[in-house]
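Work through the exercises below with the sequence and the coordinates at hand. Each task is followed by a solution in steps.

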Amino acid sequence: MQKPKPVDVTAVVAIGALAGSTVVNLAEHDVSAIRILIVALSMLSVGGILLAQIAKDMTTELYQCPTKDCRVEIRATRNHSPERLAALRDMATDHTRHGSTAS
Ligand SMILES: [Zn+2]
């Protein structure tokens with residue numbers, strides 16, 4: 001288990017606070033407990049999905065070909081060596097090295 005980064009903790013606190021304040025609002029409007037629970041759980045699970053996406057974006061590099069209409073892109077996890085990441089970046093951003101997909 002990795003130690004959570006400060007941004008992860010902040011996001012969890014923000015999502016928790018948002019879900020908590022929504023629950024309080026619903027409770028003040030006589031919404032039944034089961035509905036409140038469903039809303040809270042769905043908010044927390046959506047928050048979890050967002051967090052997973054944020055974590056993925058933070059741990060991967062995306063290299064895209066700058067050539068118009070070329071959709072070549074390489075997503076690499078950052079645990080590769082710098083040399084390997086540089087090679088992948090060159091492969092993605094140098095259109096002549098994969099140019100058969102679009103001219
Ligand atoms: Zn290209």
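**Exercise 1.** In which helix does Ile15 lie? State how exposed Ile15 is, and find which residues Ile15 touches beyond four places away in sequence.

Solution. The model is a predicted one.
Step 1: Ile15 is part of helix H1.
Step 2: count the other C-beta atoms within 10 Å of Ile15; there are 17. A residue is buried from 20 or more such atoms and exposed at 12 or fewer, so Ile15, with 17, is partly exposed.
Step 3: leaving out residues up to four places away in sequence, Ile15 touches Leu44 and Gly47.
Step 4: take the C-alpha to C-alpha distance for Ile15 and Leu44, which is 6.9 Å, although 29 residues separate the two in sequence.

**Exercise 2.** Place Gly20 and Gly48 in their helices, and decide whether each is buried or exposed.

Solution.
Step 1: Gly20 belongs to helix H1, which covers residues 6-28. Gly48 belongs to helix H2.
Step 2: Gly20 has 12 C-beta neighbours inside 10 Å and therefore counts as exposed. Gly48 has 12 C-beta neighbours inside 10 Å, so Gly48 counts as exposed.
Step 3: turn to C-alpha distances. Gly20 is 9.7 Å from Met43, at a sequence separation of 23 residues. Gly48 is 9.6 Å from Ala11, at a sequence separation of 37 residues.

**Exercise 3.** What span does helix H2 reach from its first C-alpha to its last, and how many of its residues are buried?

Solution.
Step 1: H2 runs over residues 33-59, a total of 27 residues.
Step 2: at 1.5 Å a residue, 39 Å is expected for H2; the model gives 38 Å, which is close to that value.
Step 3: the count of buried residues in H2 is 0, and the helix is hardly covered.
Step 4: set this beside the protein chain, where buried residues make up 2% of the 103 residues.

**Exercise 4.** Where does Asp69 lie, and what sign does its phi have?

Solution.
Step 1: strand S1 covers 60-64 and strand S2 covers 73-77; Asp69 sits in the loop between them.
Step 2: phi of Asp69 is near 70°, which is positive, in a residue other than glycine.
Step 3: Asp69 has 8 other C-beta atoms within 10 Å and is therefore exposed.

**Exercise 5.** In what order do the elements of the protein chain run, and where is confidence lowest and highest?

Solution.
Step 1: the protein chain holds 3 helices and 2 strands, in the order α-α-β-β-α from the N terminus.
Step 2: of its contacts between residues at least 6 apart in sequence, 46% join residues at least 24 apart.
Step 3: the average pLDDT is 84, and 89% of the residues score at least 70.
Step 4: confidence is lowest in H1, with a mean of 78, and highest in helix H3 (residues 82-93), at 93.
Step 5: where pLDDT is low, predicted coordinates should not be read in detail.

Terms used
Residues are numbered from 1 along each chain as its sequence is written. This is a predicted model: local features need pLDDT of at least 70, side-chain atom pairs count only at pLDDT 80 or more; totals for chains, interfaces and linings use all residues. Helices (H or I, at least four residues) and strands (E, at least two) are DSSP runs, numbered from the N terminus. Two residues are in contact if their C-beta atoms, placed from the backbone, lie within 7 Å. The expected span of a helix is 1.5 Å times one less than its number of residues. pLDDT is the predictor's confidence in each residue, from 0 to 100.
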